[in-house]
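Please walk me through this structure, with attention to its charged residues and to how its surface and interior are divided.

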Amino acid sequence: MAIKNALLVDDSKVARFALSKLLESREMQVNMAGSAEEALDFLNSNDAPDVIFMDHLMPGMNGVEATKAIKGNPGTANIPIIMCTSKKSSSFMEEARSFGVYNILTKPPHNEGLNLVLEQLDNDISQGTLPEPPKEGAIAANGEDQEPLNVPANASVEIPSKAEDRQGGSSIVPLTSELIEQIARSAVKTHINNRLHELLSDLFDEQYHHIKRALDDSIRKNESAVEQKISAISELVEERTRNLRDEVAAEVNLSLSREMAELRKSLANNAGFTREHMAELKDHITSAQTLDTEFWQTLQSEALQQAHEISRETAEDIAQRTIDLHESRQKAANARTYTVALAISLGVFTVGIAWLSGLFG
C-alpha cells in the first residue's frame, strides 16, 4: 500500500484512540493532533503525511476552515484530506469536495468504510488520479458548520439613514421577521450542535478515562493473581523436588548398604589360604622352576654354540688375513729380487758389449 503514515486531527481523545487503532492495525504510522491549530503547526514543522483525517466540528478552527488553510498552502495543498463527520447527505459531500476534501468517512468509523476509503485513495495515488486542489477563490467563504440560508442575494442588515427614508429611493431590502427568525434558528442550531459536540467529547473522555482506569486495575489484579499462582507453583515444585531428592538419596543409601553387606560376606567366606590353595601354589612354583631350569639350559647350549661359531669364524678370518699378508709380502720380495737380477744382467750385458766393442775396435 502506498499509504504509510497519516495525521489524525480530532479534539476527542476517544475518537483519536479508536481511529488510530484501526490505522495501526494496517501497519500505518499515525501522528495525532487535538485541534486544527495544532495540526497546522505539525504540518509546518514536519514532513507531509500521506493522508489527513480531519474532524468536522472542533472548538476554535473547525475542520472546514482547517481544510481551506491546508489547501491554500502550496506546500500542503496536494495532501489528500478525509473528513470525519456524522453528516451523510450527498449535498454536503459535494460541497465538501468543492473546497478540497478528498472523501468523507462517517463517524464513528468502521473497518468496512475505512477499507473502501483507503483502497480508493491507494488506487488514485498509484495511478496518479488524485483530484487537483481547488484554485484560489474557488473555496466558499462561509463555514460548513452552519447550514446555508435562503437569503436574497441583495439582502442586507444595514439600517437605512433618515434621508434615504425620506427620499424613498433606497435599494436595501428590509430585514423581515422571517429572515431574523431563520438567522436566529440557524445560530441556535449551530450553538446547540457545538455544545452537544463538546458535551459528547467530555462524556467520551470521561468514559475513556474510566475504562482505562478499570483496565489498568484489571491488569494489575491479573498480574498479582499470576504472580501468586507462579509463586504457589514454584513452592509446590520445590517441595516435590525436595521430597524426590530425599527418596532418591534413601534408595541409593539402601542399595549401597546391600552391596557392602554382600561384599563383606564374600570377603568373610574367602578370607585366608586353604590347603588346596597352598598345594596349587606349590605346584605352580615347581612348574615355574622346572620351566626356568629348561629355559636356562636351552639358553646356555645356544650361547655355547654361538660362541663356537663366532670363534671359528674369527679364526678363519685371521687365517685368511695372515695368508693374504704373506702372499703380498712374498710378491713384494720377489719383485725386488727380479729387479736386482735384471739390473745385474743388464750391467753384465753392457760390459760385454763394451768389451766386444773394444776388441773389434
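A residue counts as buried when its relative accessible area is under 20%, as exposed when that area is over 50%, and as partly exposed in between. The model discussed here is predicted. By this cut-off D10 is buried, because its relative accessibility is 5%. Of the 361 residues of the protein chain, 20% fall in the buried class.

The protein chain has eight helices and five strands. Read from the N terminus, the order of elements is β-α-β-α-β-α-β-α-β-α-α-α-α.

The search for salt bridges over the whole structure returns six. One of them joins the side chains of D10 and K107, with an N to O distance of 3.3 Å. D10 sits in the loop between β1 (5–9) and α1 (13–24), while K107 sits in the loop between β5 (103–106) and α5 (111–127), so this contact ties together parts that are 97 residues apart in sequence. K107 counts as partly exposed because its relative accessibility is 26%.

K107 also forms a salt bridge with D55, where the closest N and O atoms are 3.1 Å apart. This pair, too, links distant parts of the chain: K107 is in the loop between β5 and α5, D55 is in strand β3 (residues 51–55), and 52 residues separate them. D55 has a relative accessible area of 2% and is therefore buried. Taken together, D10, D55 and K107 are linked in a network of salt bridges.

A salt bridge of another kind of placement is found in helix α7 (residues 177–269), which holds both D217 and R220. The closest N and O atoms of D217 and R220 are 2.1 Å apart. Along the sequence D217 and R220 are three residues apart, about one turn of the helix. An α-helix has 3.6 residues a turn, so residues three or four places apart point the same way. With 33% relative accessibility, D217 counts as partly exposed.

Helix α7 also holds F204. F204 makes a nonpolar surface patch with L196, L200 and L203, of about 340 Å². The relative accessible area of F204 is 41%, so F204 is partly exposed.

What forms the negative surface patch? Its members are E37, E38, D41 and E65. Helix α2 (residues 36–45) supplies the largest share of this patch, three residues. D41 is found in helix α2, and D41 counts as exposed because its relative accessibility is 52%.

The remaining point concerns how α2 is oriented. Its buried residues are A36, A39, L40, F42 and L43. Viewed down the axis of α2, these buried residues fall within an arc of 160°, so they line one face of the helix. The face turned away from the buried side of α2 carries the exposed residues D41, N44 and S45. D41 thus appears in two descriptions: as a member of the negative patch, and as an exposed residue on the face of α2 turned away from its buried side.

Conventions: Residues are numbered from 1 along each chain as its sequence is written. This is a predicted model: local features need pLDDT of at least 70, side-chain atom pairs count only at pLDDT 80 or more; totals for chains, interfaces and linings use all residues. Side-chain values use heavy atoms; hydrogens and water are left out. Patches are made of residues with over 30% relative accessible area and no salt bridge: like charges are joined within 9 Å, nonpolar side chains (Val, Leu, Ile, Met, Phe, Trp, Tyr) within 5 Å. Accessible areas come from the Shrake-Rupley method with a 1.4 Å probe; for residues, only the protein chains shown count as cover. A salt bridge is a side-chain nitrogen of Lys or Arg within 4 Å of a carboxyl oxygen of Asp or Glu. Lys and Arg count as positive and Asp and Glu as negative; His and the chain ends are not counted. The place of a charge is taken as NZ of Lys, CZ of Arg, CG of Asp or CD of Glu. Helices (H or I, at least four residues) and strands (E, at least two) are DSSP runs, numbered from the N terminus. Buried means under 20% relative accessible area, exposed over 50%, partly exposed in between (1.4 Å probe, protein chains only). The arc is that of the directions from the helix axis to the C-beta atoms.
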